[in-house]
Amino acid sequence: VHAMNIRALLPFLLVSTLTAGALRAQDDVSRLVAALLGPTPMLEDLGALTDGIGGRATGSEANLAAVDWALARFRAAGVDARREAFQMPAFWLERSASVVVRGAARAFSPRVAAMPFSAATPAGGLTAPLVDGGRGTEADFSRLGARARGAWVIVETEELTDIPGLFREYAEATLIEQRAFAAGVAGVVYEGSRPNDLLYRHNASLGPANTRPLMVMERDGASRILRLLRAGQALTLTAQVEIQSGGQYESYNVVAEIRGATRPDEIVVIGAHLDSWDLGDGALDNGCNVSLVIDIARQVRRLGLRPARTIRFVLFNGEEQGLVGSWKYTVSHLDEMDRTVLAGSFHIGTGRITGFFTGGRPEVAAAVTRALEPVSGLGPFEQVDVPIVGTDNFDFMMQGVANIVGNQESANYGPNYHARSDTYDKVNAQQLRLNAAIAAAVIYSFANSDVTFPRQTRADLEQLVRSTDLADQMRSFGILQAWESGARGRARN
């Protein structure tokens, strides 16, 4: 955590923006930005959520505790808040996972983590030959041929260093698992892509429909296995994976709001996801931005600011398990979609906000650029006008609502993503406050401006899918079929 005193920077930052003519000394955005850059309980909130509660997999006791905690924090700030129930499609938690590798040399037991929605192994474990799946390409499975059937296949990975690498992992895993399942494997073991033998979780590409055991293995142990196999040694792997699983169950989003003074029926949403995976404490993904959202609400209320439109602060659940909470929010609030002016999501740790993804809507990109003028001293900013999948903007986008996602520098987000190392000490406290100021300026600007965006039709959205890589992104996250069938997104007329 950086120790620089942000308050010492405040005069420079405000002078920079004032020089640009973007802020008046007493306007609401200036006051809000100044408050967020000063001493607030934001970091105390983050510590209570991450150190105090820890990893918050949806369906776990820790997740329920986080819901109660978030409600209490909003209410302590004088902000109206409630929990909204929704149905999660399937329950999944790992109870234990271990392996033993045997060959001509001594047996050894590298550490593993089950991938979310991995199947369990039989009570006595599952023993099968262990074969080299290379990078999991079509050529690799063609090389394996019949040897893949009934075997554990271990797949080599590139070391993950940044966010583009993370999206590459998701896309490649979808194809690897399709090939592996078609080849009839017993299960898939991925070489961990993180340094220092960090374990982490990625969803199985089929989600709850998955029927095979899938694991991530610490990188050094997996590399040893690949060297042995490539030296011609025959290996077997015995895995014992214990899973607690079940059908639908109830989870909760936390929804708080500050009602608009003159146009209360028009809504601006700012959101982050409350859940996390359970190996680490969910600090970068996404506790830091939960604390950011709560603190913005707290400071708006403390300063007595009265936005024209209603600002709704939403902490979504089930994000890690298929973006479920935000999906179910759009369903339960369907009658408000025409009146939802903008939905903003903050997700990518504490890397510096460099602008926003604006969904392939130039009019939104232009409006965001204007909204950023009051904090131009914290830039430069540039909008990336493409649609993205992977966090809680998605279902707003597919309902035709204007949506933005903070575009952030990779910083240390990728290597710690879903990993045991995602802990409080990885958070850049200085940048978190700067990001909060940027987020507040944009959201509050939209809550007071006259800008509106027509809600896109199903035909508009289908054109967006055809003209971009949106279909490939949805496929990587296992949600393309739901869109194509009409189960998810704006209904066909």
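Axes here are lines fitted to C-alpha atoms, for helices over the stretch in contact, and angles run from 0 to 180 degrees between N-to-C directions. Helices (H or I, at least four residues) and strands (E, at least two) are DSSP runs, numbered from the N terminus.

The model is predicted: local features need pLDDT of at least 70, side-chain atom pairs count only at pLDDT 80 or more, and totals for chains, interfaces and linings use all residues. Residues are numbered from 1 along each chain as its sequence is written, and side-chain values use heavy atoms, with hydrogens and water left out.

**Exercise 1. Describe how helix 8 and helix 13 pack.**

Step 1: geometry. Two packed helices are described by the angle between their axes and the distance between the axes. For helix 8 (residues 283-302) and helix 13 (residues 429-448), the angle is about 55° and the axes are 10 Å apart.

Step 2: class. That angle makes helix 8 oblique to helix 13. The classes are: under 35 degrees roughly parallel, over 145 roughly antiparallel, 65 to 115 roughly perpendicular, the rest oblique.

Step 3: hand. The crossing of helix 8 and helix 13 is right-handed. In a right-handed crossing the near helix is turned clockwise from the far one by less than a right angle; anticlockwise gives a left-handed one.

Step 4: residues. Contact means heavy atoms within 4.5 Å. Helix 8 contributes C288, S291, L292, D295, I296 and V300; they meet L432, R433, N435, A436, A439, A440 and Y444 of helix 13.

Step 5: chemistry. This contact of helix 8 with helix 13 has nine nonpolar, two polar and two charged residues. Ala, Val, Leu, Ile, Met, Phe, Trp, Tyr, Cys and Pro count as nonpolar, Asp, Glu, Lys and Arg as charged, and the others, Gly among them, as polar.

**Exercise 2. Place helix 2 against helix 8.**

Step 1: geometry. The axes of helix 2 (residues 28-37) and helix 8 come within 10 Å and cross at roughly 125°. Helix 2 and helix 8 are therefore oblique to each other. Their crossing is right-handed.

Step 2: residues. L32, A35 and L36 of helix 2 touch D295, I296, Q299, V300 and R302 of helix 8. By class, the contact of helix 2 with helix 8 holds five nonpolar, one polar and two charged residues.

Step 3: burial of helix 8. Buried means under 20% relative accessible area, exposed over 50%, partly exposed in between (1.4 Å probe, protein chains only). In helix 8, 18 of the 20 residues are buried, so the helix is largely enclosed by the rest of the structure.

Step 4: the end of helix 8. Just after this helix, G304 takes a positive phi of about 70°.

**Exercise 3. Trace the open sheet, then place the helices that pack on it.**

Step 1: order. Seven strands line up as 1-9-11-10-12-14-13, with mixed pairing. Two strands pair if DSSP finds at least two bridges between them.

Step 2: edges. Strand 1 (80-88) and strand 13 are the edge strands, and each pairs on one side only. Neighbouring strands of this sheet are turned by 25° against each other on average, direction ignored.

Step 3: one pairing. Strand 10 (residues 263-273) and strand 11 (residues 309-316) run parallel, joined by eight bridges. R263 has R309 in strand 11 as its bridge partner.

Step 4: helices on the sheet. Helix 8 touches strand 9 (249-258), strand 10 and strand 11, and its direction makes about 150° with that of strand 10. Helix 13 touches strand 10, strand 11, strand 12, strand 13 and strand 14, and its direction makes about 160° with that of strand 10.

**Exercise 4. Is strand 14 enclosed or open, and which strands flank it?**

Step 1: burial. Six of the six residues of strand 14 (residues 403-408) are buried, so this strand is largely enclosed by the rest of the structure.

Step 2: faces. In a regular strand the side chains alternate between the two faces of the sheet. In strand 14, N403, V405 and N407 are buried on one side, and I404, G406 and Q408 on the other.

Step 3: neighbours. Strand 12 (residues 340-345) runs parallel to strand 14, with three bridges; G344 pairs with I404. Strand 13 (residues 353-357) runs antiparallel to strand 14, with four bridges; F357 pairs with V405.
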